[in-house]
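Here are some notes on the backbone of this model. Please read them with the structure open.

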Amino acid sequence: MTKLEQIRHFLTQQHSELAILSDPVTIHYLTGFFCDPHERQLFLFVYNQLAPVLFVPALEVARAKEAVDFPVFGYMDSENPWEKLTKVLPNTAAKTLYAEFDHLNLSKFKGLQTVFAGRFENLTPLVQEMRVIKSADEIQKLRIAGDFADKAVQAGFEAISLQATETDIIAKIEYDMKKQGISKMSFETMVLTGNNAANPHGIPGTNPIENNALLLFDLGVETLGYTSDMTRTVAVGQPDSFKQDIYALCLEAQLTALDFIKPGVTAAEIDAAARQVIEKAGYGEYFNHRLGHGLGMDVHEYPSIMAGNELVIKEGMCFSVEPGIYIPGKVGVRIEDCGHVTKNGFELFTQTPKELLFFEG
């Protein structure tokens with residue numbers, strides 16, 4: 001059963017005629033066609049019994065027709081997309097429609113309501129269920145993305161210097177990636193020195209790299225439609241024993257969680273495996289985010305590896321494991337790898353060593 005057939009099968013079960021996909025990544029997942037519509041409208045309409053319809057900005061029509069074998073319609077910037085939809089869609093009379101609630105903003109939803117008078121239901125759980133188990137081909141693409149992340153962080157390591165700033169190192173990383181054919185990072189690359197790393201989502205700037213401090217790298221790349229995400233924290237000079245002890249504690253928490261992962265455990269239990277290590281040492285309040293997130297065509301996707309999530313882990317799921325300890329004004333450490341669940345455990349996509357690495361100050 002193809003992915004589009006899975007959508008149709010779901011519609012049959014729900015006695016519904018139509019599903020509306022609006023997330024460009026989901027449309028890419030289902031059809032192989034990707035575009036970023038920016039402020040324009042992009043929709044895939046999957047009917048229960050009729051052929052799908054792809055609706056794109058006019059400047060994307062030619063590319064879309066090369067990618068799919070079903071009807072493609074476009075609209076000019078000067079046209080009203082909602083009025084155009086009423087003219088080109090084969091049926092707008094569905095009584096119950098399924099849409100991606102997690103993606104639709106209010107403007108898009110209000111626009112669709114001018115086209116369809118039916119009741120809207122949430123398609124997001126089905127899309128999440130479809131995307132959460134990765135195929136062997138998807139896992140291979142994630143491995144390739146992970147390999148490039150290893151290369152990216154190595155480029156960052158080579159740029160470490162007390163004469164460099166956080167943004168200097170980021171520029172070196174991203175320039176090196178572009179030379180290797182990577183046109184896009186998974187997210188804004190983070191290089192955080194000293195106390196700046198004590199903010200889990202710190203903002204890199206023109207801060208000079210500190211000596212005798214820790215330096216945090218959080219980065220990933222997008223290639224072949226799939227993403228990577230990794231974090232490494234390294235030492236510049238000789239950080240004091242307290243900072244090194246916090247690093248060792250964070251690493252113990254991550255390794256404990258990685259060893260715990262296997263089919264049949266829950267997301268909450270994985271989070272607890274790491275969190276209990278940090279809590280037992282008295283630093284629980286400084287680990288203030290979930291342990292991990294799903295990974296695939298999006299760098300953050302379903303599921304969340306966190307307390308309260310009783311989702312049972314299955315083979316083929318891909319997610320991050322990234323405990324962190326952030327003590328304001330003192331130290332920030334995070335260690336992150338992404339990987340996939342195997343029959344007996346968890347295989348990582350990134351291979352950069354995790355013992356504390358020391359670089360000259």
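1. Start with Leu-224, which sits in the loop joining β10 and β11. This is a predicted model. Phi of Leu-224 is near 55°, a positive value in a residue that is not glycine. The side of the question worth settling next is whether Leu-224 is buried or exposed. Leu-224 is exposed, because its relative accessible area is 52% and the cut-off for exposed is over 50%.

2. Now the strands that flank this loop. Strand β10 covers residues 221–223, and pairs with β11 in the antiparallel sense over two bridges. Thr-223 stands opposite Tyr-226 of β11.

3. The wider sheet comes next. Three strands form an open sheet in the order β7-β10-β11, and the pairing is antiparallel. Its edge strands are β7 (184–185) and β11 (226–227), each of which pairs on one side only.

4. A second positive phi deserves a look. Asn-212 has phi near 55°, and it too is a residue other than glycine. Asn-212 is placed in the loop between β8 (190–193) and β9 (213–219). Asn-212 counts as partly exposed because its relative accessibility is 38%, and partly exposed runs between 20% and 50%.

5. Check one peptide bond as well. The bond from Tyr-302 to Pro-303 is cis, with omega near 10°. Pro-303 belongs to strand β14, residues 301–305.

6. Why list these backbone features at all? Because most residues other than glycine have a negative phi, and most peptide bonds are trans.

Technical notes. Residues are numbered from 1 along each chain as its sequence is written. This is a predicted model: local features need pLDDT of at least 70, side-chain atom pairs count only at pLDDT 80 or more; totals for chains, interfaces and linings use all residues. Side-chain values use heavy atoms; hydrogens and water are left out. Two strands pair if DSSP finds at least two bridges between them. Helices (H or I, at least four residues) and strands (E, at least two) are DSSP runs, numbered from the N terminus. Buried means under 20% relative accessible area, exposed over 50%, partly exposed in between (1.4 Å probe, protein chains only).
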